[in-house]
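Biologist: I have a model open here and would like to go through it with you. Can we start with the charged pairs and then move on to the contacts?

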There are 2 protein chains.
Amino acid sequence: MPRYRITIEYDGRHLVGWQRQVNGPSVQQHIEEGILKFCGEDIRIQGAGRTDAGVHALGQVASFDLTRDFEPRTVMNAINQHMKPAPVVILDCERVDEEFNARFSATGRHYLYRMINRPARLTLDKGFAWHVKKDLDHEAMHDAAQVLVGKHDFSSFRAAACQANSPIKTLTRLDVSRYDDEVQIRASAPSFLHNQVRAMVGSLYLVGTGQWTRQDLEQALAARDRQKAGPNAPPYGLYLTDVDYPAYPN
Amino acid sequence: MPRYRITIEYDGRHLVGWQRQVNGPSVQQHIEEGILKFCGEDIRIQGAGRTDAGVHALGQVASFDLTRDFEPRTVMNAINQHMKPAPVVILDCERVDEEFNARFSATGRHYLYRMINRPARLTLDKGFAWHVKKDLDHEAMHDAAQVLVGKHDFSSFRAAACQANSPIKTLTRLDVSRYDDEVQIRASAPSFLHNQVRAMVGSLYLVGTGQWTRQDLEQALAARDRQKAGPNAPPYGLYLTDVDYPAYPN
């Protein structure tokens, strides 16, 4: 059976997240229904990252098999056509070999978190960034963030519902930078725990507003206790930007 | 009477534009109603640029007088509070002298036009950029755009409803650049005719898709006839980014 790899963009504002849920439309459901309408196949697709409700994606990846052998462009255009007007779109589709699995073959995941740091509420960025009114010291945030880079037990930054076998993950990048009023955090790792990025951003917020020092963040990590780290940052500032695969380094 | 200068951001998607209209909420109306609720003064404010329905602003400027002398911060916070949840917010407020007029004192206006150039429809950028499916040659667009820079009769790029005394304007910048799928056009001038930026972008679209050459654009300008230039680009890709004043160069 031919296997396809698709790259997906979505506006998470009105989605319940990647996975199917009873309480509203998910990315997975939109795509699977698009496939059903296109070729009559009722299948389940595999996603690289199970993003939460409200989280956006610029480059989510998924894979699935079809029984018939369609051109990748046909698959992409037909699913996109049938998904209208859902806030989900396939940007790219290609045939991959049968060893490929969007979730298990992924070697790197890249997230962007956007904070708008100003007193005035948001208009254009409402639903697309976290509005932070208190002044953020992005240099202190970047400095502290380096404590988290590397191989650690991230239990302090892990949702209770997380299903990963181990809390030990290797964070390869956690950079904080500022562009005028916007503070951006870029996080990369082979894989993340459930809510890890939002918990790390929520803790860096405490550093940025002067409530925490780099040492406080170090102690939160060492505690291996979700209660010791900061609260989750809101989902709508988070974007899954890219997923790496051995043949497709980014 | 104290005079105030405010800098305004808005999401134009659900606004009828800058000016008051009978068919829906305008930026002017939201701000004037905010002033009325704040201090009971029923006044008219003067805006630097009368943006159309759907057009966004990152840095629109307006001025107005109040009879009472409030701190600028109080004026800003109170109007913002009373405008909730309108997609309009004041980013900055200061006292200016009585010679200042947001419209007539302005020495430069800066616009950004965003095009997303890809086959797949938009999700995150829907309502915030023009979706162009055909490949755009941004270098050809930039090269042709230079024909319009300088002092010209812009009758070919002027709405029938334009109230300017003269069609002669001096365009100081018209740059086209690409960032991945996004083609950005930046236009600057002391002042613009009604719909001038959208008409210029609509004509550059013809160049970018290969339907027009630089010479065609030159002829369209020389014709001084709105029928000879391209159609207006959609409003929702356009952003008023900055307005210059003698004391506040940008």
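Biologist: How many salt bridges does the structure hold over all chains?
Modeller: This is a predicted model, so read everything with that in mind. Over all chains, the structure holds 28 salt bridges.

Biologist: Remind me what lets such side chains pair at all?
Modeller: Side chains can pair when they carry opposite charge and their charged atoms come close.

Biologist: Give me one inside chain A. How far apart are the closest N and O atoms of A:Arg5 and A:Glu94?
Modeller: A:Arg5 and A:Glu94 form a salt bridge with their closest N and O atoms 3.9 Å apart. The cut-off for a salt bridge is 4 Å, so this pair falls within it.

Biologist: And which parts does that pair tie together?
Modeller: A:Arg5 lies in strand 1 of chain A and A:Glu94 in strand 4 of chain A, so the salt bridge ties together parts 89 residues apart in sequence.

Biologist: Changing topic: what domains does the assignment give for chain A?
Modeller: Domain 1 covers 3-96 and domain 2 covers 108-244 in the assignment for chain A. The centres of these two domains of chain A, taken over C-alpha atoms, are separated by 27 Å.

Biologist: How many residues does the contact take from each domain?
Modeller: It takes 17 residues from domain 1 of chain A and 17 residues from domain 2 of chain A. The two domains of chain A bury about 1200 Å² between them, and 57% of that is on carbon and sulfur atoms.

Biologist: Which residues of domain 1 lose the most area there?
Modeller: In domain 1 of chain A, those are A:Asp52, A:His56 and A:Leu58, which together make up 38% of what that side buries against domain 2 of chain A.

Biologist: What does A:Asp52 form a salt bridge with?
Modeller: With A:Arg198, and the closest N and O atoms of the two are 2.9 Å apart. As for the interface between domain 1 and domain 2 of chain A, the rule finds one salt bridge across it. Between these two domains there are also eleven residue pairs in polar contact, both residues being at pLDDT 80 or more.

Biologist: Which element gives the most to the domain 1 side?
Modeller: Strand 3 of chain A, residues 56-65, gives the most to the side of domain 1 that touches domain 2, with six residues. By kind, the residues of that side of domain 1 of chain A are six nonpolar, six polar and five charged.

Biologist: On to the two chains. What area is buried between chain A and chain B?
Modeller: About 1800 Å² is buried between chain A and chain B, with carbon and sulfur atoms giving 59% of that area. The contact takes 25 residues from chain A and 25 residues from chain B.

Biologist: Which three residues supply more of chain A's buried area than any other three?
Modeller: A:Arg121, A:Thr123 and A:Leu124, which supply 40% of the area that chain A buries against chain B.

Biologist: How many salt bridges cross that interface?
Modeller: The rule finds two salt bridges between chain A and chain B. B:Glu9 with A:Arg118 is a salt bridge whose closest N and O atoms are 2.8 Å apart. Across the interface of chain A and chain B there are also eight residue pairs in polar contact, with both residues at pLDDT 80 or more.

Biologist: Where does the largest share of chain A's side come from?
Modeller: From strand 4 of chain A, which gives four residues to the side that touches chain B. The residues of that side of chain A divide into 16 nonpolar, three polar and six charged.

Biologist: How are the two copies related?
Modeller: A turn of 180° with a shift of 0.0 Å along the axis lays chain A on chain B with an RMSD of 0.0 Å. The two copies are therefore related as by a two-fold rotation axis. They use the same surface, since 100% of the contact residues of chain A recur in chain B.

Biologist: Last thing, the backbone. Is the peptide bond from A:Lys84 to A:Pro85 cis or trans?
Modeller: That bond is cis, with omega near 0°. A:Pro85 sits in the loop between helix 2 and strand 4 of chain A. In chain B, a cis peptide bond joins B:Lys84 and B:Pro85, with omega about -5°.

Biologist: And what is phi of B:Asp180?
Modeller: Near 55°, a positive value in a residue other than glycine. B:Asp180 is in the loop between strand 9 and strand 10 of chain B.

Notes:
Residues are numbered from 1 along each chain as its sequence is written. Chains are lettered from A and ligands numbered from 1 in the order in which they are written. This is a predicted model: local features need pLDDT of at least 70, side-chain atom pairs count only at pLDDT 80 or more; totals for chains, interfaces and linings use all residues. Side-chain values use heavy atoms; hydrogens and water are left out. Domain bounds come from an automatic or database domain assignment. Contact means heavy atoms within 4.5 Å. Buried area is the accessible area (1.4 Å probe) that two parts lose on being put together, summed over both. A salt bridge is a side-chain nitrogen of Lys or Arg within 4 Å of a carboxyl oxygen of Asp or Glu. A polar contact is a pair of N or O atoms within 3.5 Å; within protein, one must be able to donate a hydrogen and the other to accept it, and residues adjacent in sequence count only if both atoms are side-chain atoms. Helices (H or I, at least four residues) and strands (E, at least two) are DSSP runs, numbered from the N terminus. Ala, Val, Leu, Ile, Met, Phe, Trp, Tyr, Cys and Pro count as nonpolar, Asp, Glu, Lys and Arg as charged, and the others, Gly among them, as polar. Copies are superposed by least squares on the C-alpha atoms of residues with pLDDT of at least 70 in both.
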